[in-house]
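User: Please take a close look at a single part of the model shown below. I should then like a connected account of how it relates to the rest.

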Amino acid sequence: MNFTDITFILQLTVATATPIALGSYAGLFSERSGVVNIAIEGMMLMAAMMGAFVSGYTQSLFWGVVAGMLSAAMMAAIHAVVSIRFKTDQIISGMVINLLAAGFTGHIYQIYLVPPRWPGSAGTFPELPIPFLKDIPFLGKILFQHQPIVYTMIILTFVIHYVLFYTPWGLRMRAVGEHPEAADTLGINVYFTRYANVIIGGMLAGLAGIWLSLEWVGTFNINMTGGRGYIALAALIFGRWTPFGAFGAALLFGLANAVQVYTQTLVPEIPAEFLQMMPYVLTIIVAAVRRPIPPAAVGQPYEKE
Amino acid sequence: MSKKRMSLFVLAILVLSLVLAACGGTAEKKVCAVLDTGGENDKSFNEFTLKGAREAADKAGLEFAHIVSESDADYEKNINNFVDEGCGLIITVGFLMGDTTKAAAIANPDVNFAIVDVDYWPGFGCDEGVDSCYSEEGGLSNVTSLMFAEDEVGYLAGTLAGCMSETAVIGTVSGMEIPPVVKFVVGYQNGAKAQNPSIEALNVYIPDFNDPTTGKQAGETQIGQGADVIFGVGGNTGNGGLLAAHEAGLMAIGVDVDQYNTYPEVQASLMTSAAKNMDVATGDAVTAYANDTLEAGIQLATVANGGVGLASYHDWDSKVPAECKAAVDAAAAGLTDGSISTGYAP
């Protein structure tokens, strides 16, 4: 492994960590405001399908992005209504959304996204190297030669950190997730805060799904998320519900995967499955050593006195 | 309802059922196909199985029917309906239908079954040796498994890749490490090495057939390691490898069917595909059934009998030099007369 290889692997790591990071930001908005979200996988899958579907039939990536994000936001809205309004167990609601997305996207795929009906992919977003920055040795290639959603993800990391810790919106969000009764007493609308943040999270999960179908692969196929929504959740826990932590965890998982793909050609004796489970083993070890503390009110429906 | 009308009604049912039973027994030979959920336009297993079976049945003058399964819960119902309709040969498709087909074959020893791409071995379907599976004792004396020599067509693809590669590095982006995939990969690597002994063959197994994201990542990694021909052997995951080659402006080889039709997005980079000709295999089985020569056991589709082979070069017809085409033809001739071995040992 030489220097060029390392640069290349790290560049791939940043790109493929994008859906995981965006997925964990989706979870962050939802869980920081007190709603458990294991439905990231389903929201991503729905957005990946709708993004490919609409962009294929309109031959416009723009409308694909709009449709993908809206569809994921709709899934999130369902999750919000079921969890907040009807106070159903949030794990069950999330699971149902994942199953619904798997069935629905598979059905639409079979009918509209295969020949002879399928009009063909609208392509993928172009690579946009950033002038000057891309020429920085080493870092330039790793961070500044990517497609647009990767940059969006990196910028969002800082934006979310700022919003979460330095704005009234973030303060309300955290208050509602830690102690909704106290927040309510102070005049914060608990329900509105939760609805809004779950739906914002849904849109971010949508962006993660769009990365799969419109930025990286260009087409949709059945179950193409392949568990990335769950990995995102693990990254969120690993990163202790903070944007920088989740970003770091996503990079770590992405790196593990990139190294796995790279080493398999060099050391074929190590089974692929073994290396693929490493991120999860790492998550369990980290969780055991340094107990993650979730937002105090996460998973509990709020009952107004 | 009076007693008299009641007995008339019972009599009518009796007569009707006798007539129906007689129909089932003496009707002309009927061929029926139960397709998987992929449907009849999947440009892959289901479509070509249907095409081969239907054309052969028409040619032999046999009655033909088919049904598309809506979900994997429907296999049993669909097979049993065809048994009840008096089908003499029932064709099923793919690994997922293996168990159901086996159960139906044991329950209906008078009906013939042909299953595409599934063979039974001890522990999966029967108790002792592989040959004994397809016997009276093994219970599957009425089942024909239509199998494909993936290693042979992989060898041809490898010969082409070895001839076309300028960097002398080639790659395979593979799905799960299961026999058909491994056969493709081993054949490909040995074919390339026979063509160019100094070639370096990279391979990545990705334990998922629906993960083009990781497939593309693997393809890009191999390209980063110098590969300039990528063979995608793993459904959608392999397609990710083809996409990586396409985006880098390099060469790609598809798998299973002519992917020029199934994956139009990468047409410009697709040299050819290592195809299993399901239509030939099922057509042969139907013809054999029509002539009463259909035998239980494994029917292997090979390069020699035209059951596997490289698909058309399409856009690459003018770009593949004559010497490479000749090398592929020579390898095919060698596999046919047995002078070349693919080097795959199970």
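Analyst: Past the end of α9(A) comes A:Gly218, a residue with a positive phi, near 90°. The model is a predicted one, in which local features need pLDDT of at least 70 and side-chain atom pairs count only at pLDDT 80 or more, while totals for chains, interfaces and linings use all residues. Residues are numbered from 1 along each chain as its sequence is written, and chains are lettered from A and ligands numbered from 1 in the order in which they are written.

Helix α9(A) itself covers residues 190-216, 27 in number. Helices here are DSSP runs of H or I with at least four residues, strands are runs of E with at least two, and both are numbered from the N terminus. From first to last C-alpha, α9(A) reaches 38 Å, close to the expected 39 Å; the expected span is 1.5 Å times one less than the number of residues. The helix nevertheless has a kink of about 35° centred on A:Ile210, the bend being the angle between axes fitted to the seven residues ending at a position and the seven starting there.

Because 22 of its 27 residues are buried, α9(A) is largely enclosed by the rest of the structure. A residue counts as buried if 20 or more other C-beta atoms, placed from the backbone, lie within 10 Å of its own, as exposed if 12 or fewer do, and as partly exposed in between. Over the 305 residues of chain A, the buried share is 48%.

The surrounding chain A contains twelve helices and two strands, in the order α-α-α-α-β-α-β-α-α-α-α-α-α-α from the N terminus. Its radius of gyration is 20 Å, close to the 19 Å of the globule rule for 305 residues, so chain A is as compact as a globular protein of that length. That radius is taken over C-alpha atoms, and the rule is 2.2 Å times the number of residues to the power 0.38. Along the principal axes, the C-alpha trace of chain A spans about 60 × 50 × 40 Å. Of the contacts in chain A between residues at least 6 apart in sequence, 77% join residues at least 24 apart; a contact requires C-beta atoms, placed from the backbone, within 7 Å.

Chain A also meets chain B, with 28 residues of chain B in contact with 28 residues of chain A. On the side of chain B, the largest share, nine residues, comes from α8(B).

Terms used:
Two residues are in contact if their C-beta atoms, placed from the backbone, lie within 7 Å.
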